Amino acid sequence: MPLHDSAAVAASGVPDASGHFGPYGGRFVAETLMAPLAELEAAWRRYLPDSEFQRELRDELRDFVGRPTPLYLAARWSRSLGGARIYLKREDLSHTGAHKINNTVGQALLAVRMGKRRIIAETGAGQHGVACAATAARHGLPCVVYMGEEDTRRQAPNVSRMRLLGAEIVTVNSGSRTLKDALNEALRDWVANVDETFYIIGSVAGPHPYPALVRDLQTVIGREAREQCLERLGRLPHALVACVGGGSNAIGLFHPFLEDRDVALYGVEAGGLGLDSGRHAAPLNSGAPGVLHGARSYLMSDADGQVLPTHSISAGLDYPGVGPEHAWLKDRCRVHYDVVEDAEAVEAFHALSRNEGILPALESSHALAYAARLARELGPEGIILVNLSGRGDKDLQNVLEAQAVPGAAA
Amino acid sequence: MSVGRIQECFQRLAAERRKALIPFVTAGDPGTEQTVPILQALVSGGADLLELGVPFSDPMADGPVIQGSSERALKRGVGLRAVLQMVSTFRETDCRTPLVLMGYLNPVERMGHAEFCERAHAAGVDGVLIVDMPLEEAGPLRAELRARQLDCVMLAAPTTSAARLRRIGRQVSGFLYYVTLKGVTGSTRLQVAAVTEALQQVRACIGALPLAVGFGIKNAAGVAALAPLGDAVVVGSALVDNLAAAARRGESPAQSAEDFARTMRAALDSASRNQES
């Protein structure tokens, strides 16, 4: 796969004033939520550029989250692959074990400034839920986390962690009982409790301003990584790789590199049991533009417009939609989106665990698997940076189960 | 543009000093074959305008009752195409009662705005209310609706500001649907006093446009309480629940629908008369 010569994308200018990334994004919600979204947008425009807010956010990221996260050369793993050098951006070392907390500390600061007294959130893998629960505890705010029943089962350790952090977990039994249904239920809660409640969306999805707000809070990943590369390597990597569910860790890493035209960007969706099987979660690779959860973006829906059930071994990628900015970046050919299937992700999980002593999240394992492919193509001169978006402790049960099934996990 | 069924309906009711009864049912629930008989029965029982819900997999503005009915209908394969077919069938026996489709945007996007509007018009639909399409995103579909003489019904909520109400009022056609509470359909926290005050402001902002009130109206008492405040009352979740219960008991949902509408009609008319006297 050659490094494609992509057109530079203006990093600023999207979204436009009405929250659109080209034809994507926007604010497709019931009327009741229009006023609170306008209120949130006003707070985002007012506080994000504010130096006092930025100072407080910087302190939170340093002292509570533990930033900056390291840039780590996976030397043994790279050698075993026989190709490019692979560096890992260690978001797994962030407090609560994933990049999600970069966003929750920022949104919580906004909530406090807006005088909101209650936090709600949706969660898939549970990483965003845990980050919200921890952040809410730190601010003394009650926190309610919506989680699909299927996800509470496969991510049981995170359910316990959220409870220990004082959050109330609401199990969602409607629809497919996964992340999309948790999001529906959180939106219903917000509609009913709109005056006092702040809804912390965990990805670069949802109605405007969430895709832009969450992006702004996650770009700390890419800013740090870019600086670390220049300082340590004296140059930028040839390629960046990140997994894409809703797409917040990918946007966070990619965004500060969008103008660096020599850096190829790869977003990896969940191929599940294969695109042909229909059992996957790859809207950018197999879907079409549609409207769900407040935004227009690529979406997996059938000919009648009903949202399709998805499958991924990784709960955090098991979502039929994707953030609207990814749709925009796909159409502009600035990011190349591909898929990695369950089995290949599990294989990468084991490879990193054994070669580097790092248990990666199954979400991040998709990015690792893709980087392994790229490493062979780029050869020993190549430099690849992978966003290791989360740690894998929450996935042990799934990985062990996958191994127990003959042929399922290589 | 000729006067459509919705406008004609509200004009007639205004002349008679009566309020419109608008029942909502989800197409395809409690059974695919029962929807058209239910619509006919609602009209027999005194409904003035019908709201037909288009099932969607992710009805994020709806409470458990309508979510459940949507899920059941989808299991029977009832999507937008099937709903339009039901409207066509209904029109074979009723060319007078206005009918509004209520649903979410993605099925319409997937069919394509122009094709949807053409098919809806051909089937005999009079208006369309897309729950997750606020004013700012409504432009393209509204233009297509208008080209086919279909009304674009929109929502207003307790969180909608006066300035925004005026903007919505200029863009809506048919009627404005005022959501009486902060919550999803079928909520239980309706407060009549607060709604009364809010609706006076709404009325001042939208002029003569017909005003329907809905969300959280459970029974005849609720209908009677809200009747004086607008031009129409919408009853959804309570009816959907009633029909599902009838089906579970092995009774005729159509008969239940007619009885339900008759009860609501009586409450509405008696409230209108009390307002007069």
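What follows is a short dialogue about the interface, pockets and cavities of a predicted model.

Visitor: Let's start where the chains meet. How do I read the size of an interface?

Guide: The size of an interface is often given as the accessible area lost when the parts come together. In this predicted model, the area buried between chain A and chain B is about 2,900 Å², with carbon and sulfur atoms giving 47% of that. Chain A puts 37 residues into the contact, and chain B puts in 37 residues as well.

Visitor: Which three residues supply the most of the area that chain A buries against chain B?

Guide: Look at Glu31(A), Arg188(A) and Gln306(A): they supply 23% of it, more than any other three residues.

Visitor: And how many salt bridges are there between chain A and chain B?

Guide: The count is 4. One to click on pairs Glu31(A) with Arg164(B), where the closest N and O atoms are 2.8 Å apart. If you're after polar contacts too, the rule finds 22 residue pairs across this interface, both partners at pLDDT 80 or more.

Visitor: Which elements of chain A should I colour on the side that touches chain B?

Guide: Those giving two or more residues are β2 (24–28), α1 (34–47), α8 (179–192), β11 (288–292) and β12 (294–299) of chain A. Start with α8(A), which gives the most, at 8 residues. By class, this side of chain A has 14 nonpolar, 13 polar and 10 charged residues.

Visitor: Now the empty space. How does one find it?

Guide: Rolling a probe the size of a water molecule over the atoms shows where empty space is left. The largest pocket here has a volume of about 500 Å³. Its lining has 20 residues, and nearest its centre lie Arg58(A), Leu61(A), Val220(A), Arg223(A) and Glu224(A).

Visitor: Which helix gives the most to the lining of the largest pocket?

Guide: That's α2(A), with 6 residues. Helices α1, α2 (51–65), α9 (210–218) and α10 (220–233) of chain A each supply at least two residues. The lining splits into 8 nonpolar, 3 polar and 9 charged residues.

Visitor: What volume does the second largest pocket have?

Guide: About 420 Å³. It is lined by 22 residues, with Arg154(A), His311(A), Ser312(A), Ile313(A) and Asp342(A) nearest its centre. By class they come to 8 nonpolar, 7 polar and 7 charged. Arg154(A) also forms a salt bridge with Asp151(A), the closest N and O atoms being 2.9 Å apart.

Visitor: Why are Arg154(A) and Asp151(A) separated by about one helical turn?

Guide: Because they are 3 residues apart in helix α6 of chain A. That same helix, α6 (149–154), is among the elements that each supply at least two residues to the lining of the second largest pocket, along with α14 (342–356) and α16 (396–404) of chain A.

Visitor: How many cavities of 30 Å³ or more does the rule count?

Guide: It comes to 10. The largest cavity has a volume of about 380 Å³. Of its 32 lining residues, His99(A), Lys100(A), Leu179(A), Gly246(A) and Gly316(A) are closest to its centre. The lining divides into 11 nonpolar, 17 polar and 4 charged residues.

Visitor: Which residues lie nearest the centre of the second largest cavity?

Guide: Go to chain B for these: Phe24(B), Asp62(B), Ile66(B), Met102(B) and Thr185(B), out of 27 lining residues. The volume of the second largest cavity is about 260 Å³, and its lining has 15 nonpolar, 9 polar and 3 charged residues.

Technical notes:
Residues numbered from 1 in each chain as written. Chains lettered and ligands numbered in written order. Predicted model: local features only at pLDDT ≥ 70, side-chain atom pairs only at ≥ 80, totals over all residues. Heavy atoms only, no water. Contact = heavy atoms within 4.5 Å. Buried area = accessible area lost by both parts, 1.4 Å probe. Salt bridge = Lys/Arg side-chain N within 4 Å of Asp/Glu carboxyl O. Polar contact = N/O pair within 3.5 Å; in protein donor to acceptor, adjacent residues only side chain to side chain. Helix = DSSP H or I, 4+ residues; strand = E, 2+ residues; numbered from the N terminus. Nonpolar A, V, L, I, M, F, W, Y, C, P; charged D, E, K, R; others polar. 1 Å grid on protein atoms, 1.4 Å probe; cavity = no way out; pocket = protein on both sides within 12 Å on 5 of 7 lines; lining within 4 Å. Points joined across faces, edges and corners; volume = space filled by probe spheres on them.
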